[in-house]
Amino acid sequence: MLKTIVLIGMMGSGKTSVGKELAKKLKVAFIDVDQEIEKKYQMNIPEIFETKGESFFRKIEENISCKLINGKPCVISLGGGSFLNKRIRNKIKINAISIWINTELDKIYKRLNESKNRRPLLNYKNLKKSIKEIYDKRKPIYKKADYKIQIKSDNKKLIVENIIKKL
Ligand code: S3P
């Protein structure tokens, strides 16, 4: 594998689970940027948002994502907001291949509603609306990815086969 593959898309779209499976298939390392941030700061993402603020989080997200994209070819799962950052997008354009994991919003809603991993940007009192608003705002940017994978099923193996076919 010559270039790093970067998975982008909404929170709850399945970037991490698909990324792990894809990396296994391609026999390369898998890196989840949010997990790298949590390891480095010894705090979970909601704690970072709460104590340091979103702009601090976005700055470290930018630095860590860019560093990882510059590294050895691997599969990287980016946080849902990363691709909105122009510096990260440019880095990806030069050094990597981007894949938008575009999962049906109903599926995303179900996952996020059941997940213990609370996302600080979401309004859980009106989760469906909150997801739709963020998705509509981000869609034009996510569309800039090199490839789009439409996700309707939970079958990771099938999704990975689809990705490999596209590549
Ligand atoms: C965010 C997505 C999260 C995490 C943070 C912000 C976003 O990552 O980086 O809560 O702006 O969409 P996941 O996409 O892995 O949930």
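**Notebook: helix packing and ligand site**

Helix 3 and helix 4 are oblique to each other, because their angle of about 125° falls outside the ranges for roughly parallel (under 35 degrees), roughly perpendicular (65 to 115) and roughly antiparallel (over 145). I note that this is a predicted model.

I looked up the pair itself. Helix 3 covers residues 45–52 and helix 4 residues 54–70, and their axes are 7 Å apart. On the helix 3 side I found Ile45, Ile48, Phe49 and Lys52 in the contact; helix 4 supplies Glu54, Phe56, Phe57, Arg58 and Ile60. Sorted by class, I get six nonpolar and three charged residues, with no polar ones.

Arg58 of helix 4 is part of that contact, and I met Arg58 again at the ligand. An N or O atom of the Arg58 side chain is 2.7 Å from a ligand oxygen. I then listed the ligand's surroundings: 13 residues, of which Lys15, Asp34, Arg58, Gly80 and Arg138 come nearest. For Gly80 the atom is a backbone N or O, 2.8 Å from an oxygen of the ligand. Arg119 places a side-chain N or O atom 2.8 Å from a ligand oxygen. How much of the ligand does the protein bury? I read 95% of the 380 Å² that the ligand exposes when taken alone.

Asp34 led me to helix 2, residues 33–41. At the start of helix 2, a side-chain oxygen of Asp32 comes to within 3.1 Å of the Asp34 backbone nitrogen. After helix 2 comes Gln42, with a positive phi near 55°.

Technical notes
Residues are numbered from 1 along each chain as its sequence is written. This is a predicted model: local features need pLDDT of at least 70, side-chain atom pairs count only at pLDDT 80 or more; totals for chains, interfaces and linings use all residues. Side-chain values use heavy atoms; hydrogens and water are left out. Axes are lines fitted to C-alpha atoms, for helices over the stretch in contact, and angles run from 0 to 180 degrees between N-to-C directions. Helices (H or I, at least four residues) and strands (E, at least two) are DSSP runs, numbered from the N terminus. Contact means heavy atoms within 4.5 Å. Ala, Val, Leu, Ile, Met, Phe, Trp, Tyr, Cys and Pro count as nonpolar, Asp, Glu, Lys and Arg as charged, and the others, Gly among them, as polar. A residue is near a molecule or strand if one of its heavy atoms lies within 4 Å of it. A polar contact is a pair of N or O atoms within 3.5 Å; within protein, one must be able to donate a hydrogen and the other to accept it, and residues adjacent in sequence count only if both atoms are side-chain atoms. Accessible areas come from the Shrake-Rupley method with a 1.4 Å probe; for residues, only the protein chains shown count as cover.
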